[in-house]
Amino acid sequence: GDPDQVEIDVLIRDGKTTLIEIKSSMSKADVYAFKRKVAFFEKQAGLKADRKVIISPMLGRHARKTIEALGMIVYTTTSEMEQEREVQS
């Protein structure tokens with residue numbers, strides 16, 4: 001569409017690129033908007049996202065299924081993030 005600013009959080013650690021979307025609530029449309037941001041970043045930066053992470057305490061009715069179908073990771077609570085950190089250790 002029309003030119004606009006694109007905001008995306010990027011974490012590069014140990015050579016792995018993680019793109020992050022943090023929102024107070026996330027709808028199915030927001031998930032697809034994040035997908036477009038990821039594609040834009042990958043094209044502009046010439047980097048492939050190893051992980052695509054959404055952090056949001058409130059998910060719309062169809063958002064979780066869409067997130068999973070697109071191969072993204074979602075955290076709705078801090079305990080979910082802590083559990084994954086323990087598994088990775």
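## Buried face of helix H1

In this predicted model, Val31, Phe34, Val38 and Phe41 of helix H1 are buried (under 20% relative accessible area, against over 50% for exposed and in between for partly exposed, with a 1.4 Å probe and protein chains only). Seen down the axis of H1, the buried residues fall within an arc of 75 degrees, so they line one face of the helix; the arc is taken from the directions from the helix axis to the C-beta atoms. On the other side of H1, Ala29, Arg36, Lys43 and Gln44 are exposed.

Cover for the buried residues of H1 includes strands E1 (9-13), E2 (16-22), E3 (25-26) and E4 (51-55), together with helix H2 (63-69). Helices (H or I, at least four residues) and strands (E, at least two) are DSSP runs, numbered from the N terminus.

## Salt bridges

The structure holds three salt bridges, each defined by a side-chain nitrogen of Lys or Arg within 4 Å of a carboxyl oxygen of Asp or Glu. Glu21 and Lys37 form one of them, at 3.4 Å from N to O. This pair links strand E2 to helix H1, its residues being 16 apart in the chain. Glu21 counts as buried, at 10% relative accessibility.

Asp30 pairs with Lys23, with 3.3 Å between the closest N and O atoms. Asp30 is partly exposed at 22%, as is Lys23 at 29%.

## Basis of the model

Residues are numbered from 1 along each chain as its sequence is written. Local features need pLDDT of at least 70 and side-chain atom pairs pLDDT 80 or more, while totals for chains, interfaces and linings use all residues; side-chain values use heavy atoms, leaving out hydrogens and water.

Definitions and conventions. Contact = heavy atoms within 4.5 Å.
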